[in-house]
Amino acid sequence: MAWLLLILAGFFEVGFTTCLKLSDNFQKPGWAAGFLVCAAVSFYLLNKATITIPLGTAYAVWTGIGAVGTVLIGMLFFREPADFWRLFFIALLIGSVIGLKMVSAH
């Protein structure tokens with residue numbers, strides 16, 4: 001259950017970073033509210049996950065999911081580059097997150 005909460009926390013991290021971009025420096029209230037809600041839910045779920053999952057592992061996985069998800073959103077919706085090296089390093093990051101899950105005691 002803790003891993004599910006952690007994965008959801010990572011998805012909400014992607015949500016808050018995307019809302020942050022779309023809020024246009026907090027000038028668009030709807031997106032700014034979306035940022036606040038997603039950030040609050042993300043941190044809440046991260047906190048719940050760290051009850052069982054070691055803090056360092058949970059934080060690395062949370063930021064990894066957030067980083068990969070945010071890069072993919074950038075490439076798919078904001079026309080950010082999707083060159084070989086970006087995709088290579090995203091794959092390395094995904095591999096690292098999977099590796100952390102595999103060596104975790106929980």
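**Notebook: rings and charges**

I began with Phe16, which is buried because its relative accessibility is 11%, and the cut-off for buried is under 20%. I noted that this is a predicted model.

**Entry 1: aromatic pairs**

I looked for paired rings next. The structure holds ten aromatic pairs. I took Phe16 and Phe43 as one of them. Their ring centres are 6.1 Å apart and their planes meet at 20 degrees, so I logged the pair as stacked. Planes have to be under 30 degrees apart for that label.

Where do Phe16 and Phe43 lie in the chain? Phe16 is in helix H1, residues 2-22. Phe43 is in helix H2, residues 29-49. The two are 27 residues apart, so I wrote that this pair links distant parts of the chain.

I then checked Phe43 for exposure. Phe43 has a relative accessible area of 46%, so I put it down as partly exposed. Its partner Phe16 is buried.

I turned to Phe88 and Phe89. What kind of pair do the rings of Phe88 and Phe89 make? Their centres are 5.0 Å apart and their planes are at 75 degrees, so this pair is edge-to-face. The angle has to be over 60 degrees for that. Phe88 is partly exposed, at 33% relative accessibility.

**Entry 2: a cluster**

I followed the rings further. Phe16 and Phe43 belong to one aromatic cluster. Phe26, Phe35, Tyr59 and Trp62 are in it as well.

**Entry 3: a charge over a ring**

I looked at Lys21 and Phe78. The charged end of Lys21 sits over the Phe78 ring. I noted 5.3 Å from that end to the ring centre.

**Entry 4: salt bridges**

How many salt bridges does a search of the whole structure find? It finds one. I identified the partners as Glu80 and Arg86, whose side chains meet at 3.6 Å, N to O. I checked both for exposure. Glu80 has a relative accessible area of 32%, so it is partly exposed. Arg86 has 25%, so it is partly exposed too.

**Entry 5: Glu13**

I ended in helix H1, where Glu13 lies. Is Glu13 buried or exposed? Glu13 is buried, yet it has no salt bridge. The nearest side chain of opposite charge is Arg86, 14 Å away. A salt bridge needs the nitrogen and the carboxyl oxygen within 4 Å.

Which residues does Glu13 touch, leaving aside neighbours within four places in sequence? I listed Ser42, Trp62, Thr63 and Gly66. Trp62 was already in my notes, as a member of the aromatic cluster.

Methods: Residues are numbered from 1 along each chain as its sequence is written. This is a predicted model: local features need pLDDT of at least 70, side-chain atom pairs count only at pLDDT 80 or more; totals for chains, interfaces and linings use all residues. Side-chain values use heavy atoms; hydrogens and water are left out. Rings of Phe, Tyr and Trp (its six-membered ring) pair if their centres lie within 6.5 Å; planes under 30 degrees apart count as stacked, over 60 as edge-to-face and the rest as tilted. Helices (H or I, at least four residues) and strands (E, at least two) are DSSP runs, numbered from the N terminus. Buried means under 20% relative accessible area, exposed over 50%, partly exposed in between (1.4 Å probe, protein chains only). A charge sits over a ring if NZ of Lys or CZ of Arg is within 6 Å of the ring centre and within 35 degrees of the ring normal. Lys and Arg count as positive and Asp and Glu as negative; His and the chain ends are not counted. Contact means heavy atoms within 4.5 Å.
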